[in-house]
Amino acid sequence: MNIVQIKKISYEMRKRALDIAFKAGKNGAHLGGGLSAIEIFSVLYSEIMKIDPNNRESESRDRLIVSKGHCVLAYYTALNRFGFLSDKEIEQFEQNGAFLHGHATRSLFRGIEFSGGSLGMGLPFAVGVAMALKRKQLSAKVYCVIGDGECDEGSIWEAAMCAAHYHLDNLVVIVDKNGLQYDGSTEAVMNTLSLKNKFAAFGFEAQEVDGHSEQDLVTAFNGFQEENKPKVIVAFTVKGKGVSFMENVKEWHHAILSEKQYQQALLEISQS
């Protein structure tokens with residue numbers, strides 16, 4: 001798939017994300033961190049991961065572990081776009097009694113490998129899955145999406161140390177580095193300085209990219225060269241990307257979208 005096609009998918013996913021967030025009504029949605037991750041999920045599903053909605057539980061499938069549970073607007077719209085969630089299912093996002101919650105719940109049939117939401121738990125789980133695949137001599141890869149605020153958790157670094165020790169070169173971590181977490185800027189809450197350098201010090205092959213550039217993301221995923229090392233892509237993003245009144249505003253971590261705001265957001269992304 002070429003970059004123009006992937007960009008179109010990103011646009012469709014961002015538009016769909018706004019649609020289901022608006023329809024969630026008073027239940028609201030994690031808009032900021034969902035919109036920051038759209039291109040990451042678009043590239044993973046369209047170009048990088050080896051998965052098949054017609055063979056959803058194949059042991060040879062690549063796994064996506066979404067540790068950053070509050071990016072479900074990007075996650076669900078990707079699952080919908082690539083055949084794992086039906087239009088009817090995604091329309092029920094955050095509706096009472098429906099399955100698609102504000103944090104994903106594990107369902108292999110729906111392509112959801114992990115119940116996200118408790119930050120710091122996904123990467124340890126991904127390390128275990130990567131180890132299991134190695135022991136079974138399967139070539140499948142494990143991709144794990146984490147947030148930069150989530151890197152405050154000690155379990156992230158315990159898992160990173162373990163991944164390097166066991167030479168899990170089938171593990172690729174993607175950090176959605178949007179600079180904001182629930183309580184404010186990541187720099188103010190807990191300054192982790194260079195995540196690229198930190199992961200490299202823990203034994204990862206590390207890259208930094210523009211997380212909203214589909215081309216840069218594809219190049220990064222395909223550009224790893226070192227053997228016997230886990231991989232990490234630190235993707236610099238903007239929380240609430242594409243909508244002016246949401247960008248870099250922490251209050252849009254989780255919020256209710258009014259009809260006026262919804263219409264303005266649709267207009268802005270259509271003109272970007």
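Student: In what order do the five strands of the open sheet stand, and what is the sense of their pairing?

Tutor: In this predicted model, the strands of the open sheet pair in the parallel sense. Neighbouring strands of the sheet are turned against each other by 20° on average, with direction ignored. Read across the sheet, the five strands follow the order β1-β2-β3-β7-β6.

Student: Which strands stand at the edges of this sheet, and why is one side of each left without a neighbour?

Tutor: A strand at the edge has a single partner strand, so one of its sides is left without a neighbour in the sheet. The strands in that position are β1, covering 63-66, and β6, covering 205-210.

Student: Which residue of β7 is the bridge partner of aspartate 176?

Tutor: Strand β3 spans residues 171-177 and strand β7 spans residues 231-236, and the two pair in the parallel sense over six bridges. Within this pairing, the partner of aspartate 176 in β7 is alanine 235.

Student: Where does phenylalanine 224 lie, is it buried or exposed, and which residues does it touch?

Tutor: Phenylalanine 224 is placed in the loop between α10 and β7, and its relative accessibility of 17% falls under the 20% limit, so the residue counts as buried. Its C-alpha atom is separated by 20 Å from that of isoleucine 65, a residue 159 places away along the chain. Leaving out residues up to four places away in sequence, phenylalanine 224 touches Val172, Glu205, Gln207, Lys231, Val232 and Ile233.

Student: How many salt bridges does the structure hold, and how many residues apart in sequence are the parts tied together by lysine 7 and glutamate 214?

Tutor: The structure holds 16 salt bridges, and in one of them the side chains of lysine 7 and glutamate 214 meet at 3.2 Å, N to O. Lysine 7 belongs to helix α1 (residues 3-23) and glutamate 214 to helix α10 (residues 214-222), so this pair ties together parts whose separation in sequence is 207 residues.

Student: Which of these words, buried or partly exposed, applies to lysine 7 and which to glutamate 214?

Tutor: Lysine 7 has a relative accessible area of 43%, whereas the value for glutamate 214 is 3%. Because buried means under 20% and exposed means over 50%, lysine 7 is partly exposed, and glutamate 214 counts as buried.

Student: Which helices are tied together by the salt bridge of glutamate 12 and arginine 81?

Tutor: The side chains of glutamate 12 and arginine 81 meet at 3.2 Å, N to O. Both residues count as partly exposed, glutamate 12 at 31% relative accessibility and arginine 81 at 38%. The two residues are 69 apart in sequence, and the helices that the pair ties together are α1 and α4 (residues 72-81).

Student: What is the N to O distance between aspartate 169 and lysine 134, and where do these residues lie?

Tutor: Aspartate 169 is in the loop between α7 (154-165) and β3, and lysine 134 is in helix α6 (residues 122-135), so that the pair links parts of the chain 35 residues apart. Aspartate 169 counts as partly exposed at 23% relative accessibility, and lysine 134 does so at 36%. The N to O distance of their salt bridge is 2.4 Å.

Student: Which residues are joined into one network by salt bridges that share partners?

Tutor: The joining rests on shared partners, each salt bridge having a partner in common with another of the network. The residues joined in this way are Arg16, Asp19, Lys23, Asp87 and Glu91.Student: What is the volume of the largest cavity, and which residues are the closest to its centre?

Tutor: The structure holds one cavity of 30 Å³ or more, and β1 and α4 each supply at least two residues of the lining of the largest cavity. The volume of the largest cavity is about 120 Å³. Of the 15 residues that line this cavity, the closest to its centre are Ile51, Asp62, Phe84, Gly111 and Glu113.

Student: Is leucine 31 buried or exposed, and which residues is it in contact with?

Tutor: Leucine 31 is found in helix α2 (residues 31-36), and with a relative accessible area of 0% it is buried. Its C-alpha atom is 22 Å from that of glycine 111, a residue 80 places apart from it in sequence. Leaving aside neighbours within four places in sequence, leucine 31 is in contact with Leu18, Ala21, Leu73, Met246, Trp252, His253, Ala255 and Leu257.

Key: Residues are numbered from 1 along each chain as its sequence is written. This is a predicted model: local features need pLDDT of at least 70, side-chain atom pairs count only at pLDDT 80 or more; totals for chains, interfaces and linings use all residues. Side-chain values use heavy atoms; hydrogens and water are left out. Two strands pair if DSSP finds at least two bridges between them. Helices (H or I, at least four residues) and strands (E, at least two) are DSSP runs, numbered from the N terminus. Axes are lines fitted to C-alpha atoms, for helices over the stretch in contact, and angles run from 0 to 180 degrees between N-to-C directions. A salt bridge is a side-chain nitrogen of Lys or Arg within 4 Å of a carboxyl oxygen of Asp or Glu. Buried means under 20% relative accessible area, exposed over 50%, partly exposed in between (1.4 Å probe, protein chains only). Contact means heavy atoms within 4.5 Å. On a 1 Å grid over the protein atoms alone, a cavity is a set of points where a 1.4 Å probe fits but cannot get out, and a pocket is an open set with protein on both sides within 12 Å along at least five of seven lines; lining residues have an atom within 4 Å of a point. Grid points are joined across faces, edges and corners, and a volume is the space filled by probe spheres set on the points.
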